[in-house]
Amino acid sequence: MKTIRMLSLSALQGLALLGAAHAEPAIFKDADLALGQKLIAQNRCSECHAQRVGGDGSGIYRPAGRISTAGLLRGMVEQCNTELGLGLFPEEVTSIAAVLNRDHYKHK
Ligand code: HEC
């Protein structure tokens, strides 16, 4: 009896994971995640963030903070793009935001 309960629990968790994988925000639907990852490395985002918060720099990303939607996240990356003069194209900004969302913010 106990075993059956555990099995069905893990089946449920499996379904939840599948659901999560598909619950990406519409604005990131066509995002090129590989490109986003490359651009994050090239533009030294993490190096600068690490100087501020230590570790690998990811502590700067606060999913529970003011960047509370996918749209705001994309807007924040656009703002960094402008302020830091990175010269990123709109699709590149989107791809970076999509990677940050997948790895840190997880907005739906
Ligand atoms: C020269 C330093 C520097 C670079 C380079 C930099 N950032 Fe930042 N970034 C910051 C600082 C400082 C903050 C915190 C600002 C604040 O909290 O007011 C920040 C905050 C952020 C936030 C908001 C975090 C949150 O949840 O509040 C995001 C998103 C972000 N940066 C993305 C990026 C991306 C993507 C790149 C690379 C394309 C990048 N940053 C490059 C300094 C930098």
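This passage looks at how the ligand is held in a predicted model of the protein.

The ligand sits in the largest pocket. Around the ligand there are 18 residues, and Cys45, Cys48, His49, Arg62 and Tyr105 come nearest. Sorted by class, this shell is mostly greasy: 13 of its residues are nonpolar, against two polar and three charged ones.

As for where the shell comes from, three helices turn up with at least two residues each: helix 3 (45-53), helix 4 (70-83) and helix 5 (90-105). Helix 3 chips in with the largest share, four residues. His49, one of the nearest residues, is found in helix 3.

His49 is also the residue to look at for the metal. Its NE2 atom lies 2.0 Å from the iron atom of the ligand, and His49 is the only protein donor to that iron. Besides this, a polar side-chain atom of His49 lies 2.8 Å from a nitrogen atom of the ligand.

The oxygen atoms of the ligand have polar company too. In the case of Arg62, an N or O atom of the side chain is 2.8 Å from a ligand oxygen. For Tyr105, the distance between a side-chain N or O atom and an oxygen atom of the ligand is 2.6 Å. Both Arg62 and Tyr105 are, like His49, on the list of nearest residues.

Put together, the picture is a ligand in the largest pocket, with a shell that has 13 nonpolar residues, His49 as the only protein donor of the iron, and side-chain atoms of Arg62 and Tyr105 placed by ligand oxygens.

Conventions. Residues are numbered from 1 along each chain as its sequence is written. This is a predicted model: local features need pLDDT of at least 70, side-chain atom pairs count only at pLDDT 80 or more; totals for chains, interfaces and linings use all residues. Side-chain values use heavy atoms; hydrogens and water are left out. A residue is near a molecule or strand if one of its heavy atoms lies within 4 Å of it. A polar contact is a pair of N or O atoms within 3.5 Å; within protein, one must be able to donate a hydrogen and the other to accept it, and residues adjacent in sequence count only if both atoms are side-chain atoms. On a 1 Å grid over the protein atoms alone, a cavity is a set of points where a 1.4 Å probe fits but cannot get out, and a pocket is an open set with protein on both sides within 12 Å along at least five of seven lines; lining residues have an atom within 4 Å of a point. A molecule sits in a cavity or pocket if more than half of its atoms lie within 2 Å of its grid points. Ala, Val, Leu, Ile, Met, Phe, Trp, Tyr, Cys and Pro count as nonpolar, Asp, Glu, Lys and Arg as charged, and the others, Gly among them, as polar. Donors are N, O and S atoms within 2.8 Å of the metal (3.2 Å for Na, K and Ca); water is not among the atoms, so sites may look incomplete.
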